[in-house]
Amino acid sequence: MNIKKVIITGGCGFVGHHLVEHLIKNTNWQIIIFDKLNYASMGLSRIKDNQTYFNDRVSFYSVDLSIPLSDGIIKEVGDDVDIIYHLAAESHVDNSIKDPITFFENNIIGTANLLEYARKLKNLKLFFYFSTDEVFGPAKFEHAFEEWDGHRPTNPYSASKSSAESISLSYANTYNIPLMIVNNMNIFGERQHVEKFIPSTIKKILNNEKVLIHSYKNKKKSGSRFYIHARNVCESLLFLIQNGEIGEKYHIVGEKEVDNLELANLIAKYIGKDLDYEMIDFHSSRPGHDLRYALKDTNLNKLGWNMPKNFEESLEKTVKWTLNNLKWLNEIK
């Protein structure tokens, strides 16, 4: 597949800026970033910090996808786009519970507007829709969802992502959009917003604060996730360009399940401090927060993809990097 130009929506965000950096290092493609620079983007801080903003192969446009792309943006970008990575989304569950309409406008209408733009591109080779494990709803113990299992979203965020998946599939069927959908589990890494569990835990431990561990009703067992570093996710997205099948769904999953308490203890170990924690039954009184998600990565495994970095190595490097870059724990504006 001869690729020359790609668009990354949400390219200033956490996963997006890692993808920009990964493509700069591993391809010779021209990269166009669409980002509306909301609070989670932290302005241009991330792409300036890792120097991708200053690369002559990177162009940036401030674009709010909840409204159609302007004629000026379309003219500037040109009609020779090969790939669209659609990562832009509101993603914080708590915020979706407080303000669901914003999530519907950004994640559903934003996806529809981007697909409307994409279907007018004559040479588009691939449209990646970047989704989440949360569309399937909570997973019972020992169970993991397969790629085409039905959705049971439990909060406005996951509902908005599930809706956008369906819209993307409808455009693939109706307008022949060359679609791939990837569902990711919990992603971590450098420059992650401090509202997320790993950086917030690092900050609390450094400040000698108690870490609240979300647990089941008995307060003896905590919730769990399959964590995966952003570098691994980016490598899988590049791998799928050469090896994936148009119209298929792929799950990108961490190599093992880690519960919240185990994760917090590992972070404390890498920092070199004791963990002060409390198990809390947060979820029983707040519907919409799920204690366990789990996916099977059957389709990606069949293609022979191997994860470059394991969980413990990635987590330790992330913690050590954060200790040397403490400004990222202070919610850069």
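**Exercise 1: the sheet**

Work out the strand order of the open sheet in this predicted model, and say which strands sit at its edges.

*Solution.* Start with the backbone pairing: strands of a sheet pair through backbone hydrogen bonds, either parallel or antiparallel. Here the pairing is parallel, and the seven strands line up as β3-β2-β1-β4-β5-β6-β11. Next, look for strands that pair on one side only: those are β3 (58-62) and β11 (249-252), the edge strands. Finally, check the twist, which averages 20° from one strand to the next.

**Exercise 2: one strand pair up close**

How many bridges join β5 to β6, and which residue stands opposite Phe 127?

*Solution.* Take β5 (residues 126-132) and β6 (residues 179-184): they run parallel, joined by six bridges. Now find Phe 127 and look across to β6, where Leu 179 stands opposite.

**Exercise 3: helices across the sheet**

Which strands do α1 and α6 lie across?

*Solution.* Begin with α1 (residues 14-26): it lies across β1 (5-9), β2 (30-35), β3, β4 (83-86) and β5, at about 160° to β1. Then move to α6 (residues 156-175), which lies across β5, β6 and β11 and runs at about 155° to β5.

**Exercise 4: the cavity**

Find the cavities of 30 Å³ or more and describe the lining of the largest.

*Solution.* Searching the whole structure turns up one cavity of that size, with a volume of about 60 Å³. Its lining includes Arg 191, Ile 198, Trp 321 and Trp 328. Two elements, α7 (197-206) and α11 (311-323), each give two or more residues to that lining. Sort the lining residues by type, and you get six nonpolar, four polar and one charged.

How values were computed
Residues are numbered from 1 along each chain as its sequence is written. This is a predicted model: local features need pLDDT of at least 70, side-chain atom pairs count only at pLDDT 80 or more; totals for chains, interfaces and linings use all residues. Side-chain values use heavy atoms; hydrogens and water are left out. Two strands pair if DSSP finds at least two bridges between them. Helices (H or I, at least four residues) and strands (E, at least two) are DSSP runs, numbered from the N terminus. Axes are lines fitted to C-alpha atoms, for helices over the stretch in contact, and angles run from 0 to 180 degrees between N-to-C directions. Contact means heavy atoms within 4.5 Å. On a 1 Å grid over the protein atoms alone, a cavity is a set of points where a 1.4 Å probe fits but cannot get out, and a pocket is an open set with protein on both sides within 12 Å along at least five of seven lines; lining residues have an atom within 4 Å of a point. Grid points are joined across faces, edges and corners, and a volume is the space filled by probe spheres set on the points. Ala, Val, Leu, Ile, Met, Phe, Trp, Tyr, Cys and Pro count as nonpolar, Asp, Glu, Lys and Arg as charged, and the others, Gly among them, as polar.
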